[in-house]
Amino acid sequence: MKKFLLSSFIIVAILALGACGGQESSGSESNGGTQSTVDLNAKNWAFDQDTYTVPAGKVTFNLKNEEGYHGIEIEGTDVKIDGDGSATATLEPGEYTVKCNIQCGTGHEEMKATIVVE
């Protein structure tokens with residue numbers, strides 16, 4: 001009887017530990033996927049990088065306007081941010097184009113960047 005109780009306790013303890021380990025954080029493996037964060041800083045009429053590279057999986061995009069008022073749309077996804085803000089999408093490997101989606105002046109049409117998902 002003591003062996004049965006001890007075995008039951010060990011099984012319950014293992015299950016409880018497994019259930020507690022599911023928190024996601026930037027750049028870490030969790031539940032078979034990757035959680036990444038991309039910080040895009042927008043100014044008239046460019047993003048702070050031409051290319052952002054992330055692993056495939058869940059990606060959170062944070063947009064900050066350093067100069068002017070901008071937004072983003074990422075082609076091939078449902079990511080859309082108007083002004084400062086965040087959005088999350090699950091991305092497959094490939095290249096995605098980020099475009100400013102708010103008419104921001106004379107350089108608006110060229111305000112683009114690329115997301116490379118590996």
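In which strand does E95 lie? E95 belongs to strand β9, which spans residues 94-100, and this residue is a convenient entry point to the model, which is a predicted one.

**Overall layout**

The protein contains 1 helix and 10 strands, and their order from the N terminus is α-β-β-β-β-β-β-β-β-β-β. Of the 118 residues in the protein, 34% are buried, while the exposed surface comes to about 7400 Å², with 53% of that area supplied by carbon and sulfur atoms. When contacts between residues at least 6 apart in sequence are considered, 48% of them join residues at least 24 apart.

**The nonpolar core**

The largest nonpolar core comprises 24 residues, and those with the most contacts inside it are L40, F47, F61, I72, L91, V98 and I115. Two or more residues of this core come from each of the elements β2 (33-43), β4 (51-54), β5, β6, β8 (85-91), β9 and β10 (112-117). For F47, the contacts beyond four places in sequence include L40, I72 and V98, and the list also holds N41, A42, Y52, L63, K99, C100, M111, K112 and A113.

**Four positions in strands β5, β6 and β9, and a cysteine beyond them**

The following table sets out the relative accessible areas of selected residues.

| Residue | Relative accessible area | Class |
|---|---|---|
| N65 | 15% | buried |
| G71 | 0% | buried |
| E95 | 63% | exposed |
| C100 | 8% | buried |
| C104 | 14% | buried |

E95 is classed as exposed because its relative accessible area, 63%, lies over the 50% limit. Apart from neighbours within four places in sequence, E95 is in contact with T114, I115 and V116. The C-alpha atoms of E95 and I115 are separated by 5.6 Å, although the two residues are 20 residues apart along the chain.

G71 is placed in strand β6, residues 71-74, and with a relative accessibility of 0% it counts as buried. Its C-alpha atom is 4.2 Å from that of D82, a residue 11 residues away in sequence. Besides D82, the contacts of G71 outside the four-place window are L63, I81, G83, K99, C100, N101 and I102.

N65 lies in strand β5, which covers residues 57-65, and its 15% relative accessibility falls under the 20% limit, so N65 counts as buried. What does the side chain of N65 reach at 2.8 Å? The partner is the backbone nitrogen of H70, and H70 also appears among the residues that N65 touches, together with A42, G83 and D84, when residues up to four places away in sequence are not counted.

**The cysteine pair**

How many disulfides does the model have? The count comes to 0. The sulfur of C100 has its closest cysteine sulfur in C104, at 3.9 Å, and no bond is assigned because a disulfide requires the two sulfur atoms to be within 2.5 Å. C104 is likewise in no disulfide, its nearest cysteine sulfur being that of C100. Both cysteines are nevertheless buried, C100 with a relative accessible area of 8% and C104 at 14% relative accessibility. C100 is also one of the residues in contact with G71, and F47 touches C100 too.

Conventions
Residues numbered from 1 in each chain as written. Predicted model: local features only at pLDDT ≥ 70, side-chain atom pairs only at ≥ 80, totals over all residues. Heavy atoms only, no water. Helix = DSSP H or I, 4+ residues; strand = E, 2+ residues; numbered from the N terminus. Buried < 20%, exposed > 50% of the residue type's maximum accessible area, 1.4 Å probe, protein only. Polar contact = N/O pair within 3.5 Å; in protein donor to acceptor, adjacent residues only side chain to side chain. Contact = heavy atoms within 4.5 Å. Areas by Shrake-Rupley, 256 points an atom, 1.4 Å probe, with all protein chains shown as cover. Core = buried A, V, L, I, M, F, W, Y, C linked by side-chain atoms within 4.5 Å.
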